[in-house]
Amino acid sequence: MKETLTANIMTKILEIQNLTVSFDGFKALKHLNFSMNEGELRVVIGPNGAGKTTFLDVITGKVQPTEGRALFKQKNLRSLAEHQIARMGIGRKFQTPRVYLNLTPRENLELSCNRTKGVFDTLFGKPSKGERKTVSGLLETIGLTTKADIQASLLSHGEKQRLEIGMLVAQSPTLLLVDEPVAGLTDEETYQVGELLIALAQTHSILVIEHDMEFVRQIARQVTVLHEGTVLFEGTMDEVQNDQRVIDVYLGQSTNSTEGAS
Ligand code: ADP
Ligand code: MG
């Protein structure tokens, strides 16, 4: 009885229906169907060219679908501009960090909290008590409290990635889209990013694209495998690793290599 109730209450945060994207006739996505529930942490994997980044491009409004639609909390995202979609609560982290290197982590986070205020006000106006509290909380979450006031250029690659995830969270999105967050990181840095995403998943819905299978194993609950623009398989990590089709098109060739895509 209780289970039925929970199932009914669970709302879909993202629903992709029959999505096709053509680039001059080449179909990067083909009749793709996908959905995830509010509060879910979902990992999407797949070989290079499978359409993973294009999939995020459609959700964020960077690319318009040729056919089908993407719904965020039941609202059709069609023909909305990127900034409108961002304002609805979808935040995206790109593969390369985009932090201001000449500012400190604290200043970077203050800027992200105050998108509308502008750089000048953020740096020279006084942050409110509430803002300061939010920023110190974020610094703690991303594990950069002790490095809060050094120049961001001095951070390691992994620390920059965590800072950028913090900057994304500072904009209070409900859905976080994260494209290959551990490409080029050491094992230790990778593990820390994984722990950060697991912690953030308690309060956010998160969609992560990743190649690094060790990392996927660390964070994954439900995994979606993309191949040639469509969903090849969906299941737990164990199910994914034991599926013959997934092994044939993806795992068989990538178990010994984490060569990244873009
Ligand atoms: P992934 O992120 O899974 O590696 P992408 O979504 O980047 O895959 O790309 C899927 C396919 O679509 C690739 O074959 C790629 O070359 C092609 N593609 C992506 N973006 C464009 C574009 N703007 N114009 C033409 N082809 C593109
Ligand atoms: Mg990609």
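I16 stands opposite A70 in β4. This pairing belongs to a predicted model. Strand β1 (residues 12–23) runs antiparallel to strand β4 (residues 67–72), and 5 bridges join them. The protein chain holds 11 helices and 10 strands. Of its 262 residues, 47% are buried. Ligand 1 has 13 residues around it.

**The open sheet**

- Four strands form an open sheet in the order β2-β1-β4-β5, and the pairing is antiparallel.
- β2 (26–37) and β5 (75–76) are the edge strands; each has a single partner, so one side of each has no neighbour in the sheet.
- A further position in the pairing with β4 is T20, which stands opposite E67.
- β4 also pairs with β5, in the antiparallel sense and over 2 bridges.
- In that pair, L71 stands opposite N76 in β5.
- In a regular strand, side chains alternate between the two faces of the sheet.
- Helix α2 (residues 52–59) lies across β1, β2 and β4. The helix runs at about 115° to β1.

**Turns and positive phi**

- Most residues other than glycine have a negative phi. Three exceptions follow.
- K73 has a positive phi near 50°. It sits in the hairpin of β4 and β5, where 2 residues lie between the strands.
- Q74 is in the loop between β4 and β5. Its phi is positive too, near 70°, and it is not a glycine.
- Q74 has a relative accessible area of 55%, so it counts as exposed.
- E228 is placed in the loop between β9 (222–227) and β10 (230–235). Its phi is positive, about 50°, although E228 is not a glycine.

**Nonpolar cores**

- The largest nonpolar core has 43 residues. The members that touch the most others are I45, L109, L163, L197, I206, V208 and V216.
- Helix α7 (residues 157–170) supplies the largest share of this core, with 6 residues.
- Another core lies apart from it and has 26 residues. Among them are I13, L14, I59 and L207.
- Beyond its neighbours within four places in sequence, I45 contacts K52, E210, M213, V216, V223, T224, V225, L226, V240 and Y250.
- One of those partners, V216, is also listed among the core members that touch the most others.
- Contacts reach far along the chain. Among those between residues at least 6 apart in sequence, 67% join residues at least 24 apart.

**Ligand 1**

- The closest residues to ligand 1 are G49, G51, K52, T53 and T54.
- G49 brings a polar backbone atom to 2.8 Å from an oxygen atom of the ligand.
- G51 places a backbone N or O atom 3.0 Å from an oxygen atom of ligand 1.
- K52 uses its side chain: an N or O atom there is 2.8 Å from an oxygen atom of the ligand.
- K52 is also one of the residues in contact with I45. Helix α2 covers residues 52–59.

**Two buried residues**

- I85 belongs to helix α3 (residues 82–88). Its relative accessibility is 1%, so it counts as buried.
- Leaving out residues up to four places away in sequence, I85 touches I59, T60, G61, L77, L80 and I90.
- T60 is 25 residues from I85 in sequence, yet the C-alpha atoms are 6.2 Å apart in space.
- I59, another partner of I85, is one of the residues in the core of 26.
- E40 lies in the loop between β2 and β3 (41–45).
- What makes E40 buried or exposed here? Its relative accessibility is 17%, and the cut-off for buried is under 20%, so E40 counts as buried.
- The E40 side chain makes a polar contact with the side chain of R42, at 2.6 Å.
- Not counting residues up to four places away in sequence, E40 touches H204, S205, I206 and Q222.
- I206 from that set is also among the members of the largest core that touch the most others.

Technical notes
Residues numbered from 1 in each chain as written. Chains lettered and ligands numbered in written order. Predicted model: local features only at pLDDT ≥ 70, side-chain atom pairs only at ≥ 80, totals over all residues. Heavy atoms only, no water. Pairing = 2+ DSSP bridges. Contact = heavy atoms within 4.5 Å. Axes fitted to C-alpha atoms, helices over the stretch in contact; angles between N-to-C directions. Core = buried A, V, L, I, M, F, W, Y, C linked by side-chain atoms within 4.5 Å. Buried < 20%, exposed > 50% of the residue type's maximum accessible area, 1.4 Å probe, protein only. Near = heavy atom within 4 Å. Polar contact = N/O pair within 3.5 Å; in protein donor to acceptor, adjacent residues only side chain to side chain.
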